[in-house]
Amino acid sequence: MAEALGEVARNKLIVPVENTHGDRAARGAAIAGTQIHSIRLPGIVLVFETLFGLPHERLSIRHDAGQGAEPYVHGTLWPCVG
């Protein structure tokens with residue numbers, strides 16, 4: 001998704017990552033100009049969230065896929081179907 005978004009428009013950071021406080025690695029990775037973060041928390045198996053924002057506004061899109069491995073299996077097998 002980050003690569004697809006990068007083809008549409010480049011992310012414009014108000015504060016460049018190198019000018020933020022703390023460990024730079026804690027700011028995630030940049031893929032096609034989009035900052036990506038990955039976290040692991042107990043009880044959260046598969047969640048995908050995308051945040052879009054401008055000054056004074058934010059749009060979030062979130063998908064919670066469940067607690068088991070089933071979404072991974074369907075995602076792995078999907079390209080093989082057909």
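Strands E3 and E4 each contribute at least two residues to a nonpolar patch, and this patch is a convenient place to start a tour of the predicted model. The patch lies on the surface, covers about 490 Å² and is built from Met 1, Phe 48, Phe 52, Leu 59 and Ile 61. Of these residues, Ile 61 belongs to strand E4. With a relative accessible area of 46%, Ile 61 counts as partly exposed, because that value falls between the 20% limit for buried residues and the 50% limit for exposed ones.

The two strands behind the patch are also partners in pairing. E3 spans residues 47–54 and E4 spans residues 57–64; the strands run antiparallel and are joined by eight bridges. At one end of this arrangement in the sequence of E3, Leu 54 faces Glu 57 of E4. Two residues separate the strands, giving a hairpin. In its turn, His 56 adopts a positive phi of about 70°.

Attention now moves to the pockets. The largest pocket has a volume of about 1,500 Å³. Its lining comprises 34 residues, and those closest to the centre are Gln 35, His 37, Glu 49, Thr 50 and Leu 51. Several elements take part in this lining: helix H1 (2–8), strand E2 (34–36), E3 and E4 each supply at least two residues. The greatest share comes from E3, which gives eight residues. E3 and E4 thus appear in both settings, as contributors to the nonpolar patch and to the lining of the largest pocket.

Conventions. Residues numbered from 1 in each chain as written. Predicted model: local features only at pLDDT ≥ 70, side-chain atom pairs only at ≥ 80, totals over all residues. Heavy atoms only, no water. Pairing = 2+ DSSP bridges. Helix = DSSP H or I, 4+ residues; strand = E, 2+ residues; numbered from the N terminus. Patch = residues over 30% accessible without salt bridge, like charges linked within 9 Å, V, L, I, M, F, W, Y side chains within 5 Å. Areas by Shrake-Rupley, 256 points an atom, 1.4 Å probe, with all protein chains shown as cover. Salt bridge = Lys/Arg side-chain N within 4 Å of Asp/Glu carboxyl O. Buried < 20%, exposed > 50% of the residue type's maximum accessible area, 1.4 Å probe, protein only. 1 Å grid on protein atoms, 1.4 Å probe; cavity = no way out; pocket = protein on both sides within 12 Å on 5 of 7 lines; lining within 4 Å. Points joined across faces, edges and corners; volume = space filled by probe spheres on them.
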